[in-house]
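The following exercises are to be worked through with the sequence and the structure at hand. Each task is followed by a solution in steps.

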Amino acid sequence: MARSKARKLADILSGGTALEDGVISASEVVGLGTAATTDATAYATAGQGTLAASALQPTGDGSGLTGIETNPFSPTTVSGASQTLDLGSNNFFDAGTATANSTITLSNPPTLHRFGYLYNSGSIAASSVGGVTESASATFDHGAINNYQEYGYISWDGKHAYGVKRSTSSSQNKFWQVTMSTPFDISTATVVYEPTSGGIQGYNGPVTIHLSTDGTKLYWNGEYTGNWQLYGTLSTAFDLSTAGSFGELPTNNSWHTAMDGLESGKAGAWAPHWSYDGTKYYSKNEGSKIIRMSTASTAFDITSLSYTSGDDFNVSSTARNPGGTVVGYSFGITFNQNGTKMYVLNDYIWEYSLSTAWDITTASYVALLQIPPDSLGNLFSCRSGRFNSTGDKFLGLRHNANELVSIDMVAGTVVTFPVAVSGDQTTNIPKNATVFYDLYTADGGTSYQILNEVVNNG
């Protein structure tokens, strides 16, 4: 039986036409020469490496393979805020329960490598990471207080909450006060003050209320421009029943004039807020998206306020809901205790970081915090509120409702992969969720792809 003919491999590569009798000798393979078959130390061609001995030899156990993973499962553990995954040694990484957000570094990747990363998201203050909180809000209905409240006040220590009861007659608007025996715990709340009739000292329509940090000074803004900045004292700290007579800030006061000129046709000073030390005062006009910052030469003395042109912050470009719509005009503001974070409050919470404490001109947008509806389907809808010192508890006043709202502001931790990693990744991880990522590289780590992400809620 005739054997078919074959060309020398060298001739095929060079385009030659020499033919042999169908047998290709070792000396003819890529020009190795006879030395390659008789002397392992002899030099081979560049196509085979420096030494003929370095050419790939069959081993039977796969140990001669390089650049390709050969171990089907090689697990290890990692932990901490900065984690290095050694892909040259392992293909499964278990990070356990995280206590902080983690940044991932990928090292020593084989040319082809598929690997997995697993962790439990634990819990972290949502005000630090953004995203959806998983704890449903609890609510406290103050019963006898009906109709809706405008801008209220929560004391820094989380023990006292104040609101404004709106009436069909603005002259009948009234303040109310709730006290909690355990800070930020509305299960311990009781109504301690609510007048049964009559307005506030004969003035029309309070729509806001604010106190000094020590609870001895009271401020409120009225319904109309003629009497919208009033102040008084409390003989017993935080006790509204001990309020004395109110003084009214003259309309020719420089700060009053600055507020009148903030935006044409936007009356009043709404969303009031003092800094913790009483040297800065923040407010906005009804219908405005601009927060104005003023400085008090005497702490908590509203008559000593002065405004410097440009000391403003416009939230229009950043305070937008998930659909992109800008926040409504009726938003409130609050701060953390050291003044490095500012929050805009409405149906959501928008978080800002202040590079200079209490200076809103240094604010930069951080995150949108989406608060899920409560068990009755009610939206967050808080214009006033306060975070506790650790940022994992929020106490607020729900607008258009009879509710003081307490929310556990916790979310799961997140991991940040290098920029070379592409693919869909959830940014709002629930607390105590089991999270698994399946990833691979096909080019030695130049790029990586997330094949799959699995998030099982805790």
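**Exercise 1: A hairpin and its continuation**

Strands β12 and β13 form a hairpin with five residues between them, and Gly-215 in the turn has a positive phi of about 75 degrees. The model is a predicted one.

Task: Determine which residues are the bridge partners of Leu-218, in β12 and in β14.

Solution.
- Step 1. Locate the strands of the hairpin: β12 covers residues 210–211 and β13 covers residues 217–220. They run antiparallel and are joined by two bridges.
- Step 2. Read the pairing on this side: Leu-211 of β12 has Leu-218 of β13 as its bridge partner.
- Step 3. Turn to strand β14 (residues 230–233), which is joined to β13 by four bridges, again in antiparallel fashion. Here Leu-218 is paired with Gly-232.
- Result. Leu-218 has the bridge partners Leu-211 and Gly-232.

**Exercise 2: A sheet of four strands**

Task: State in which order the strands of the open sheet that contains β21 are arranged, and explain why one side of β21 and of β24 is left without a neighbour in the sheet.

Solution.
- Step 1. The order is β21-β22-β23-β24, and the pairing is antiparallel.
- Step 2. β21 and β24 (363–369) stand at the edges; each has a single partner strand, and therefore one side of each lacks a neighbour in the sheet.
- Step 3. On average, neighbouring strands of this sheet are turned by 25 degrees against each other, direction ignored.
- Step 4. The partner of β21 is β22 (residues 341–345), and four bridges join the two strands. One of the pairs is formed by Gly-332 and Leu-345 of β22.
- Step 5. The hairpin of β21 and β22 has five residues between its strands, and Gly-339 takes a positive phi near 75 degrees.

Task: Decide whether the residues on the two faces of β21 are buried or exposed.

Solution.
- Step 1. In a regular strand, side chains alternate between the two faces of the sheet.
- Step 2. In β21 (residues 332–335), Gly-332 and Thr-334 lie on one side, while Ile-333 and Phe-335 lie on the other.
- Result. These four residues are all buried, and both faces of β21 are thus covered.

**Exercise 3: A buried glutamine**

Task: Establish whether Gln-83 is buried or exposed, and which polar contacts its side chain makes.

Solution.
- Step 1. Gln-83 belongs to strand β2 (residues 82–86).
- Step 2. Its relative accessibility is 4%. Buried means under 20%, so Gln-83 counts as buried.
- Step 3. The side chain of Gln-83 reaches the backbone oxygen of Gly-80 at 2.9 Å. A further polar contact, of 2.6 Å, joins it to the side chain of Tyr-117.
- Step 4. Beyond its neighbours within four places in sequence, Gln-83 is in contact with several residues, among them Val-78, Ala-95, Ile-104 and Tyr-117.

**Exercise 4: The chain as a whole**

Task: Describe the secondary structure of the chain, and identify where pLDDT stays under 50.

Solution.
- Step 1. The chain has four helices and 32 strands. Of its 458 residues, 44% are buried.
- Step 2. The mean pLDDT is 76, and 67% of the residues reach 70 or more.
- Step 3. pLDDT stays under 50 over residues 1–57 and over residues 142–147.
- Result. Where pLDDT is low, the predicted coordinates should not be read in detail.

Methods. Residues numbered from 1 in each chain as written. Predicted model: local features only at pLDDT ≥ 70, side-chain atom pairs only at ≥ 80, totals over all residues. Heavy atoms only, no water. Buried < 20%, exposed > 50% of the residue type's maximum accessible area, 1.4 Å probe, protein only. Pairing = 2+ DSSP bridges. pLDDT = per-residue confidence, 0-100. Contact = heavy atoms within 4.5 Å. Axes fitted to C-alpha atoms, helices over the stretch in contact; angles between N-to-C directions. Polar contact = N/O pair within 3.5 Å; in protein donor to acceptor, adjacent residues only side chain to side chain.
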